[in-house]
Amino acid sequence: MILKYILRSLRSRLWEALSLAATVFLCLVLLLAIHSTIAQRQAELDGVYQNTEIACVVTDATGSTRNGLSIPAEYLSLFREGGALYDHVKGLVCHATASFLLLGEERIPLHLLNTPDAVPLFAETPITYLDGYGDADLVGEDAVAIISENLMPYIAADGSLTLSLPPRGERSIVVRVIGAYSSDTSAIYLSLDAGRKLLEGSVNKVTPSALSFCVADNRKLNETKMALGEYFIAADPINQGSSRFGLWMDDASFVDTVMVLERSIALFVLFRTVLWVLALCVCFLVIFLLIRRRRTELAVMYSMGCSSVLLYGQVLCEVAICFAIGALVALFAAAAAKVSVGGEAVRVVGILLGGCLIGGVGSVTAVTSGDIMKILKGKE
Amino acid sequence: MEQMIDREKLLVADRVTFAYKTRHQTVWAVRDVSYEFEAGKVYAIVGKSGCGKTTLISTLAGLNLPSMGEVYYRGTSTYRMNRNHYRRDDIAVIYQNYNLFPLLTVLENVLYPMELQKKPKKDAVSIAKEKLLSVGLDGSYLGRLPAMLSGGEQQRVAIARALAGGQRIILADEPTGNLDSENGDLVMKTFQRLAHEEGYCVIIVTHDPQIADESDIVIRMESGRIVT
Ligand SMILES: Nc1ncnc2c1ncn2[C@@H]1O[C@H](COP(=O)(O)OP(=O)(O)OP(=O)(O)O)[C@@H](O)[C@H]1O
Ligand SMILES: [Mg+2]
């Protein structure tokens with residue numbers, strides 16, 4: 001009976017039902033559009049956060065690296081596990097010098113590095129690695145070396161190279177040669193960490209001369225800046241004469257992009273809020289007016305002792321059916337227009353449905369808690 | 001026959017006062033009404049328009065709660081009962097303006113109160129047909145919608161609907177206002193039979209002196225009070 005009543009009600013009040021469905025359709029299409037736009041922007045922003053590498057280069061106080069820096073070796077430990085900057089940066093690139101080594105009678109300049117990128121020379125004359133070795137070995141535990149080609153004759157049969165430490169060569173170290181580059185001037189490049197360990201206690205002072213890295217987590221850019229600010233000053237030509245080290249950070253375009261995106265997202269979010277309020281108001285109003293038109297029927301049912309479950313159930317069923325029609329069409333339309341309809345769409349539909357049902361409950365309550373007699377007397 | 005009917009005090013109004021309160025003013029539509037309605041009698045409430053008749057019966061019907069005083073049904077105050085059940089099972093109201101369900105046919109309208117009471121469908125249909133016949137509506141009316149009926153016919157469907165529920169108290173607000181004298185008579189005879197033979201309590205609001213004459217007791221109202 002109740003089902004029959006609902007169907008008959010829907011059929012004989014077709015235009016009212018359709019107008020509710022159309023309202024739902026319109027609200028949903030607009031809401032889904034704005035939700036998906038925001039999601040798109042958000043994904044874009046996430047992409048910018050994740051994929052942008054903000055490069056930082058250590059300079060002198062004025063922002064120059066031209067005269068070669070002599071950074072105290074202690075700075076390196078800031079970037080190592082447990083160091084104050086360890087969590088803030090990634091992709092450390094370091095080139096350090098450590099005076100010289102003795103190879104027989106020859107004094108060979110000694111460098112340390114953790115990646116070929118640290119040395120501009122290797123961009124021009126690339127390293128030729130021996131089979132099975134590569135850039136990654138420069139950050140490993142083993143003491144490995146890259147040498148200029150003219151030192152090849154010194155390599156022992158097992159691929160190792162024995163070097164003596166200055167000043168007189170009474171202590172010697174053994175390193176494994178993993179690659180070479182062509183050059184007339186002799187030089188040896190040791191892997192940074194393993195090399196530092198080998199040289200411990202010797203007169204060879206390791207002095208970083210070029211240091212650069214990237215911000216580890218772009219979302220924590222400000223924190224990272226604060227942490228870096230403890231050790232470096234912002235590089236600026238007016239700092240002439242300062243003995244502190246400066247830092248040049250390539251974050252301007254990142255900050256600009258993020259700001260533009262965040263502003264547009266904030267604007268859309270505001271728009272979305274307004275749209276939600278409007279959509280809910282319009283749905284409430286339409287439902288209220290539709291239910292108001294049948295208040296006599298509802299009042300008669302109420303006066304005949306119809307239970308609240310039946311009274312509300314019937315109206316809410318009708319609202320839900322109209323809603324379902326509007327929502328289905330809206331979802332199809334959204335899918336056809338390639339507006340992404342995922343879990344977000346389910347939430348949007350759910351909230352609007354909730355709003356409509358609350359509107360229905362409110363409107364029925366307005367009838368039953370109002371002046372029933374006045375309605376029944378037909379005076380209203 | 002009459003002696004066999006229990007003269008139980010079905011419905012008691014105890015110093016009932018009802019006020020319509022709006023922001024601007026308060027209308028005291030019913031003032032300090034005390035009355036005991038017994039089973040087995042037909043009552044007629046008469047009085048000038050606006051004297052509070054409709055307000056009184058809607059308070060009796062549990063659609064309003066009295067502003068002061070109480071209405072008791074079989075000793076229970078309408079304040080302290082499930083008024084939904086009271087309206088469904090114990091009391092039937094016939095309205096001045098019929099208030100039929102526009103989407104339901106004549107038969108379905110009359111079936112409605114029995115559906116609420118969860119009567120078996122078969123019994124309900126035969127009761128509905130019988131009640132319609134008792135107000136002079138034959139089988140040809142069953143499938144019609146209220147909009148296809150004259151005012152008098154609608155009124156009779158409303159009466160049949162009120163009778164179908166089997167509630168022992170029938171409150172009728174000018175039930176014969178739109179009926180010709182023949183049909184008015186038929187309805188009145190039905191009310192009398194229900195009261196005198198089956199122990200119903202029928203309370204009729206009317207302007208029609210003939211109906212008042214045919215009732216067992218006439219209650220006269222004046223500006224919210226009972227004067228006889
Ligand atoms: N909803 C309302 N709000 C305010 N006053 C009302 C309301 N309904 C009725 N009244 C007033 O209460 C008084 C009693 O009204 P009621 O409808 O009970 O009269 P009645 O005796 O049934 O009249 P009638 O014979 O014309 O049907 C009247 O003065 C009326 O103006
Ligand atoms: Mg009246």
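I take helices and strands here as DSSP runs, a helix needing at least four residues and a strand at least two, numbered from the N terminus. The model I am reading is a predicted one.

**Entry 1: A:G134**

I looked up A:G134 and found it in the loop of chain A that runs between β4 (128-129) and β5 (144-148). Is A:G134 buried or exposed? Its relative accessibility is 15%, and because the cut-off for buried is under 20%, I note A:G134 as buried. Once I set aside the neighbours within four places in sequence, A:G134 is in contact with A:Y129 and A:I178. I also checked A:T115, which stands 19 residues from A:G134 in sequence, and the C-alpha to C-alpha separation of the two in space is 9.9 Å.

**Entry 2: A:T368**

I then went to helix α10 of chain A, residues 343-368, where A:T368 is found. A:T368 has a relative accessible area of 14% and is therefore buried. Its contacts, leaving out neighbours within four places in sequence, are with A:Y302, A:L311 and A:Y312.

**Entry 3: the nonpolar cores**

Which residues have the most contacts inside the largest nonpolar core? I find A:L352 listed together with B:L11, B:F37, B:L60, B:L171 and B:I203, in a core of 85 residues. I followed A:L352 further, and beyond its neighbours within four places in sequence it is in contact with residues including A:V24, A:C27, A:L28, A:W276 and A:F323. There is also a second, separate core, which has 54 residues, with A:V48, A:A98, A:I147 and A:V177 among them.

**Entry 4: chain B against chain A**

I turned last to the interface, where 25 residues of chain A and 22 residues of chain B take part in the contact. The buried area between the two chains is about 2,300 Å², with 62% of it given by carbon and sulfur atoms. Of the area that chain B buries against chain A, B:F101, B:L103 and B:Y112 supply 25%, which is more than any other three residues do.

For the charged and polar pairs, I count two salt bridges between chain B and chain A. One salt bridge joins B:E108 to A:K4, whose closest N and O atoms are 3.1 Å apart. Seven residue pairs, both members at pLDDT 80 or more, are in polar contact across the interface.

On the side of chain B that touches chain A, the elements giving two or more residues are α1 (53-60), α2 (83-89) and α3 (106-116) of chain B. The largest share, five residues, comes from α3(B). Sorted by class, that side of chain B has ten nonpolar, seven polar and five charged residues.

Terms used:
Residues are numbered from 1 along each chain as its sequence is written. Chains are lettered from A and ligands numbered from 1 in the order in which they are written. This is a predicted model: local features need pLDDT of at least 70, side-chain atom pairs count only at pLDDT 80 or more; totals for chains, interfaces and linings use all residues. Side-chain values use heavy atoms; hydrogens and water are left out. Contact means heavy atoms within 4.5 Å. Buried area is the accessible area (1.4 Å probe) that two parts lose on being put together, summed over both. A salt bridge is a side-chain nitrogen of Lys or Arg within 4 Å of a carboxyl oxygen of Asp or Glu. A polar contact is a pair of N or O atoms within 3.5 Å; within protein, one must be able to donate a hydrogen and the other to accept it, and residues adjacent in sequence count only if both atoms are side-chain atoms. Ala, Val, Leu, Ile, Met, Phe, Trp, Tyr, Cys and Pro count as nonpolar, Asp, Glu, Lys and Arg as charged, and the others, Gly among them, as polar. A nonpolar core is a set of buried Ala, Val, Leu, Ile, Met, Phe, Trp, Tyr and Cys residues joined through side-chain atoms within 4.5 Å. Buried means under 20% relative accessible area, exposed over 50%, partly exposed in between (1.4 Å probe, protein chains only).
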